[in-house]
Each structure stands twice: as structure tokens, then as C-alpha cells.
Amino acid sequence: MFFGSIEYSGPGRDNLRPMKKLFIKTYGCQMNAYDSARMADLLAPLGYAGTETAADADMVILNTCHIRERAVEKVYSELGRLRKLKDRKAKSGHRMLVAVAGCTAQAEGEEILARVPMVDMVVGPQSYHRLPEMIARLARGSGERIEADFPALEKFDALPDAVSDTGVSAFLTVQEGCDKFCTFCVVPYTRGPEHSRPPEKILAEARMLAARGAREIILLGQNVNAYRGMDASGRSWPLARLIEAIAGIEDVLRIRYTTSHPRDMDDDLIEAHGGIGKLMPFLHLPVQSGSDSVLEAMNRQHTAADYRRLIGRIRERRPDIAFSSDFIVGFPGESDADFEATLQLVRDVGYAQCFSFKYSPRPGTPAAAARKQISESVKTARLDTLQKLLLAQQDAANLAIMDKTLDVLFEKPGRNADQIVGRTPYLNPVHVQAPMSLIGKVRPVRIEALTANSVKGSLA
Ligand code: 5AD
Ligand code: SF4
């Protein structure tokens, strides 16, 4: 995802400084997308405006992911390309700063500087508010080039209000970090311990986003439903209460939240799916595996039966809800029977859309040291089988909305003239011939045709 073409020289900004160009390349999850926008906001007062390519940037930030080995490989190969670009620019007298941010920065700070010495700065996900300070230190030619603490409280207090264009659908981070320690996962190490932002701050940000044109707010957290924000009077708010308060903002038409852990789906939140109309009927609820022994080895802290019961309870409150999930195949010790249990769980639940991955051993996590690692060929075969089943379910979910009339929130112009694109409550992208003036509005749309990647409809 690129945040190249955002104009940051609006009112209240320091327009006296010469404009410098900033290119941010974002890898990984939605929280990284949110963080990239905040980094752009943070650097705007220093005179940095967004650009679309690294080639004409004065500063490049790679906002990285560390979740699987491939994510890390991508970062190093991009750094290889940037090194050449930086050399070429230096020869023509231009200095280009390169910063590595995000989870790979957190996990491999020193190693990045050792492997790619041209990198100027390394900044972890909880320390990026210190970027301006780091740039100043670099200009002086002195001081630390790595910031990788976990001062989560400090970060949000230090960040300026979001100024970047939010779009119709906007991310809002409410919670960060994870205390669950699933045995395969790096997140508790890269993002640090769970921390919830105070509800007042979140509500203020939501109002500000709505005032800037956001009509859908997607609440983000690594463990978003573990949200427990403390208000000024010392009361702790669960996520359901926060959603209810945001639903009270008139211009916010839709609310979503991601990513949830099955263990944290409390009664109030389940109830919210039945009672709060603005809360969309689509829930990403990762289960990872359908086998109890694998779930236990993963330290997921629930059984497959617990998960099935949970899905049943949510469906009771909101019968039309669509589910998505993440799955890992080839976790150490996963037998054919374990894998079959995963397939059975998928058949039983019926998902609208899922992400599935081969297990990738991550340095420092308990599962990476397990003896019974699964061979690459078995992982490949299992992933293939699972993905065929998931794809069939996705096709069925898409077919199920054919000829129906659904509310669509229009988000942006489509590729063809006169076409705009929006999403159904179930997240299907829909292309409709309609005027641009409908962007930011919800209209009933009759779903008429399915193409490979999208759905076509017409205003009802
Ligand atoms: N290997 C493969 N997939 C992983 N995920 C997290 N860690 C790993 C790993 N080591 C997947 C999980 C998680 C999603 C974001 O990434 O399914 O829910
Ligand atoms: Fe990783 Fe598990 Fe935490 Fe999710 S709940 S971020 S998978 S440790």
C-alpha cells in the first residue's frame, strides 16, 4: 500500500520550509497502514510531502512486517534496490534518507544496520513518534540510529492529530500489542504488551475522522476485542461500549473492528452485533486450526468446540453475519487427522473469505524450536487442499448475494468513467454506474453480475 500522493501542506502547517518528498512503502497488516499515515502526519511539519515513487523521494520509509519469513525477505530485497538508488542519487549530489520502521525494525534492528549499512534509521512500531528527533540527530551526525522501546503510552500522546486524507473508510487504532503469546507468533515481541488507548482520545479521533469525510471507521488492534480503555474517571470500557459510543456520532455510518481473538468475544460484544445497527455483519475471527491438540500446542486457549459454540452464539444474535478467519497449516506436530479436523471446522462454519498460510518458523518463538517440524511438501499439499475448500466457500458466499439488494457505502471512483466503487455490509466490493456525488453515501444496490474480482450492481 502506498501513501505517496497525499498533500500535507494544508492550513496550520509550516509552509515556509522547502518541500521535501517522502515515500512510504507499507507491508503487512492494516495497523501498519494506519501507522504509515501517522508517520506522514508526523513528518509534515518538517516539510515532507508525499510522493509516489522512491526515485524522487528525499526520504524513504519502509514500514515492515515480520509475521512470516517471506515478509522479511521482501524487506531485504527492497533494501537492496534502495541501496543502488541511494548510491545513484549520492553521485548526483542528492542525499536520500532511508528509514526502516515496523515489526522487522523492532525484531532485527542491529541486524538491519549490519546487513545494510546504508540504512540511516531503524524505528520500532512503538517509537516512531521519535522520527523527527532521529532526523535531527542524523543531521547533526551524532546519536543513536535505532529506537525500539515500548513506550506505548508516550507514542499516542506525542503524535499530532491525523491530518492526512482519511478517505470514506478510515482506520483508527484503539489497542496495540498482545499478551496471548501464541507459540507461532512474533507479535507479542514486536508490538509489545497489550495497551488500550483512553476512550476519550479515540472518540475525539473518530469525530475528527468523520468531520474529514470518513463514513466508516475500522477499529484496529492486534487483539482489538481485548480492548479495555480507562476513561478519565477511572472506569474501564470494554470494546462493546466503545462501539456504542462511536455509533452515536451521526456522520459515522458503519463500524468494523479487527483483529479479534475468540477468547475475548464477551457477552456484551456478541450482544452489540445484534443491537447496534451501524456495526457491520462481518467478523474476522481467526481460529488457526480445527484440531484441539494443535490449538493447545499453539497456546490458543480455546478448543474447536468453544469456537463452534461462539460462532453459533454470534449467529443467533445476527443471523446474516459473515465470518472470515486465518489458518495455519503444517504447524509442528500437525497430523493428517489434525489437518482433517481443520477442514471439518471450515465445512461446519462456512466462511465468506479467509487467509491461510504455511507455518513459518519465527526465530525466538517457542514453536520454532519444536522437534516435529512438518516438511515443505506436506505444508504445500495441505495449503492447496485448504485453499480449494476456502475458495469454494468464498464463491458460494459471492453467489449468495446475486439478485439481492444490499446497502453499499460508496468509497471511490472506479476504473471506468461513470463508475464508482463501494462495499456491501459483507465487504464485497461493488462497481456501480452512478454519479461521483454518491461517494461517502450509502445507497441500496441490486447485485447483478459477478466477475473474477468484483461484483457489479445498479442503484435500486
Ligand atoms: N507462520 C504462519 N502464519 C503465521 N501467522 C502468524 N504467525 C505465523 C507464522 N509463524 C498468521 C496467523 C495470524 C496471521 C496474521 O498470520 O494466521 O492470524
Ligand atoms: Fe499473535 Fe496470537 Fe497475539 Fe494474535 S493473539 S497477535 S496470533 S500471539
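Me: Buried means under 20% relative accessible area, and exposed means over 50%. By that rule, is aspartate 35 buried or exposed?

Reply: Welcome! This is a predicted model, and aspartate 35 is a good place to start. Its relative accessible area is 1%. The cut-off for buried is under 20%, so aspartate 35 counts as buried.

Me: Which residue does the side chain of aspartate 35 meet in a salt bridge?

Reply: The two side chains come to 2.9 Å, N to O. A salt bridge asks for a side-chain nitrogen of Lys or Arg within 4 Å of a carboxyl oxygen of Asp or Glu, so this distance fits. The partner of aspartate 35 is arginine 191.

Me: How many residues apart in sequence are the parts that this pair ties together?

Reply: Aspartate 35 lies in helix H1 (residues 30-43). Arginine 191 sits in the loop between helix H6 (187-190) and strand S9 (195-196), and with 1% relative accessibility it counts as buried. Because the two residues belong to these separate parts, the pair ties together stretches whose separation in sequence, in residues, is 156.

Me: Let's step back to the whole chain. What radius of gyration does the protein chain have?

Reply: The C-alpha atoms fill a box of roughly 60 × 60 × 50 Å along the principal axes. For 460 residues, a compact globule would be expected to come out near 23 Å. The protein chain agrees with that expectation, since its radius of gyration is 23 Å.

Me: How many helices and strands make up the secondary structure, and what share of the residues counts as buried?

Reply: The secondary structure comes to 13 helices and 21 strands. Of the 460 residues in the protein chain, the share that counts as buried is 54%.

Me: How many salt bridges are found in the whole structure, and which residue pairs with glutamate 78?

Reply: A search of the whole structure finds 33 salt bridges. In one of them, glutamate 78 has a partner at 3.4 Å, N to O. Glutamate 78 is in helix H2 and its partner is in strand S1 (residues 20-26), so the bridge ties together parts that are 53 residues apart in sequence. Glutamate 78 is itself buried at 8% relative accessibility, and its partner is lysine 25.

Me: Which two strands are tied together by arginine 256 and glutamate 216?

Reply: The side chains of arginine 256 and glutamate 216 meet in a salt bridge of 2.9 Å, N to O. Arginine 256 lies at residues 254-258 and glutamate 216 at residues 216-220, so the pair ties together parts 40 residues apart in sequence. Both residues are buried. The two strands are S13 and S10.

Me: Which residues do salt bridges with shared partners join into one network?

Reply: Here the bridges share partners, which links the residues into one network. Its members are Arg130, Glu133, Arg137, Glu147 and Asp149.

Me: Where does arginine 83 lie, and which residues share its patch of positive charge?

Reply: Arginine 83 is found in helix H2 (residues 69-91). Its relative accessibility is 38%; this falls between the limits of 20% and 50%, so arginine 83 counts as partly exposed. On the surface it gathers in a patch of positive charge with Lys84, Arg88 and Lys91.

Me: Strand S13 came up earlier. Which peptide bond is cis, with omega near 5 degrees?

Reply: Threonine 258 has its place in strand S13 and is buried, with a relative accessible area of 10%. Threonine 259 is found in the loop between S13 and helix H9 (267-275). The cis bond runs from threonine 258 to threonine 259.

Me: Which residue has a positive phi of about 80 degrees although it is not a glycine?

Reply: Glutamine 301 also has a positive phi, but its value is near 65 degrees, and its place is in the loop between helix H10 (292-297) and helix H11 (304-317). The residue asked about is in the loop between strand S18 (419-423) and strand S19 (429-433). At 22% relative accessibility it counts as partly exposed. The residue is leucine 427.

Me: How far apart in space are proline 332 and lysine 278?

Reply: Proline 332 lies in the loop between strand S15 (322-329) and helix H12 (336-349), and it counts as buried at 10% relative accessibility. In sequence, proline 332 and lysine 278 are 54 residues apart. In space, C-alpha to C-alpha, they are separated by 41 Å.

Definitions and conventions:
Residues numbered from 1 in each chain as written. Chains lettered and ligands numbered in written order. Predicted model: local features only at pLDDT ≥ 70, side-chain atom pairs only at ≥ 80, totals over all residues. Heavy atoms only, no water. Patch = residues over 30% accessible without salt bridge, like charges linked within 9 Å, V, L, I, M, F, W, Y side chains within 5 Å. Areas by Shrake-Rupley, 256 points an atom, 1.4 Å probe, with all protein chains shown as cover. Lys, Arg positive; Asp, Glu negative; His and termini not counted. Charge placed at Lys NZ, Arg CZ, Asp CG, Glu CD. Helix = DSSP H or I, 4+ residues; strand = E, 2+ residues; numbered from the N terminus. Buried < 20%, exposed > 50% of the residue type's maximum accessible area, 1.4 Å probe, protein only. Rg over C-alpha atoms; globule rule 2.2 N^0.38 Å.
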